Amino acid sequence: MSHIVVLEGIVPENKLDACVELFAENRLSDTKTYDGCQSCLGAVNKSESVITLWTQWESAEHFDRYFEWRTERGDFAEVLSYFCLLYTSDAADEGLGVDL
């Protein structure tokens with residue numbers, strides 16, 4: 001059964017272009033080719049300064065391994081530094097809102 005994970009957050013306007021560039025040039029291609037990733041989509045709402053990422057995984061375990069890999073590399077810490085408010089949700093929880 002597939003596992004869906006959504007990350008959505010507000011990025012300060014002065015950081016939005018840099019954050020989009022980071023995802024487009026570095027992060028999304030790695031995610032798409034990571035073992036177990038079935039789909040990875042990103043969207044930007046420039047007028048609201050919101051970035052949304054939607055990923056689909058073969059299983060929760062595949063996502064957990066991906067998350068651990070990204071955390072060990074420091075990628076999530078780098079990405080989080082762009083956001084001022086972040087919301088995540090997956091099939092296993094009811095979502096988590098985090099003020100950064």
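**Exercise 1. How many helices and strands does the chain have? Then put them in order along the chain.**

Before you start, keep in mind that you're looking at a predicted model.

Step 1: Go through the chain and count. You should end up with three helices and five strands.

Step 2: Now walk from the N terminus. The elements come in the order β-α-β-β-α-α-β-β.

Step 3: Pin down a few of them. Strand β1 covers residues 3–10, and helix α1 covers residues 13–33. Further on, β2 takes up 37–45 and β3 takes up 50–57, while helix α2 spans residues 60–73.

**Exercise 2. Work out how β1, β2 and β3 pair up.**

Step 1: Start with β1 and β3. Eight bridges join them, and the two strands run antiparallel.

Step 2: Check this pairing residue by residue. Ile4 has Gln56 in β3 as its bridge partner, and Gly9 stands opposite Ile51 in β3.

Step 3: Turn to β2 and β3. Here, too, there are eight bridges and an antiparallel arrangement. One pair to look for is Cys40 with Thr55 in β3.

Step 4: Put the steps together. β3 is joined to β1, and β3 is also joined to β2.

**Exercise 3. Take a look at the turn between β2 and β3. Which residue there has a positive phi?**

Step 1: Identify the motif. β2 and β3 make a hairpin, with four residues between the strands.

Step 2: Find the residue. Ser49, in the turn, has a positive phi of about 60°. Note that this is a positive value in a residue other than glycine.

Step 3: Ask whether Ser49 is buried or exposed. Its relative accessible area is 9%, so Ser49 is buried, even though Ser49 is found in a loop.

**Exercise 4. Sort the residues of β1 by face.**

Step 1: Recall the rule. In a regular strand, side chains alternate between the two faces of the sheet.

Step 2: Apply the rule to β1. His3, Val5, Leu7 and Gly9 make up the covered face. Ile4, Val6, Glu8 and Ile10 make up the uncovered one.

**Exercise 5. Find the salt bridges and say which parts of the chain they link.**

Step 1: Get the total. A search of the whole structure gives six salt bridges.

Step 2: Take Lys46 and Asp17. Their side chains meet in a salt bridge at 3.6 Å, N to O. Lys46 sits in the loop between β2 and β3, and Asp17 sits in helix α1, so you're looking at partners 29 residues apart that link distant parts of the chain. Lys46 is exposed at 58% relative accessible area, and Asp17 counts as exposed at 53%.

Step 3: Go on to Asp30 and Arg70, whose side chains meet at 3.9 Å, N to O. Asp30 is in helix α1 and Arg70 is in helix α2, so this bridge ties together parts that are 40 residues apart in sequence. Asp30 is partly exposed at 28%, whereas Arg70 is buried at 2%.

Step 4: Try Arg73 and Asp75. The closest N and O atoms of this salt bridge are 2.7 Å apart. Arg73 is partly exposed, with 44% relative accessible area, but Asp75 counts as buried at 6%.

Step 5: Join the dots. Arg27, Asp30, Arg70, Arg73, Asp75 and Glu78 are linked in a network of salt bridges.

**Exercise 6. Which residues gather in a patch of negative charge on the surface?**

Step 1: Scan the surface for acidic side chains. The patch is made of Glu61, Asp64, Glu68 and Glu72.

Step 2: Zoom in on one of them. Asp64 is found in helix α2.

Step 3: Check how open Asp64 is. Its relative accessible area is 46%, so Asp64 is partly exposed. That is over the 30% that a patch residue needs.

**Exercise 7. Look at what is buried, using Leu22 as a test case.**

Step 1: Begin with the whole chain. Of its 100 residues, 34% are buried.

Step 2: Place Leu22. Leu22 lies in helix α1.

Step 3: Classify Leu22. The cut-off for buried is under 20% relative accessible area. Leu22 has 7%, so Leu22 is buried.

Step 4: See how the fold brings residues together. Leu22 and Val79 are 57 residues apart in sequence, and their C-alpha atoms are 8.1 Å apart in space.

Conventions
Residues are numbered from 1 along each chain as its sequence is written. This is a predicted model: local features need pLDDT of at least 70, side-chain atom pairs count only at pLDDT 80 or more; totals for chains, interfaces and linings use all residues. Side-chain values use heavy atoms; hydrogens and water are left out. Patches are made of residues with over 30% relative accessible area and no salt bridge: like charges are joined within 9 Å, nonpolar side chains (Val, Leu, Ile, Met, Phe, Trp, Tyr) within 5 Å. Accessible areas come from the Shrake-Rupley method with a 1.4 Å probe; for residues, only the protein chains shown count as cover. A salt bridge is a side-chain nitrogen of Lys or Arg within 4 Å of a carboxyl oxygen of Asp or Glu. Lys and Arg count as positive and Asp and Glu as negative; His and the chain ends are not counted. The place of a charge is taken as NZ of Lys, CZ of Arg, CG of Asp or CD of Glu. Buried means under 20% relative accessible area, exposed over 50%, partly exposed in between (1.4 Å probe, protein chains only). Two strands pair if DSSP finds at least two bridges between them.
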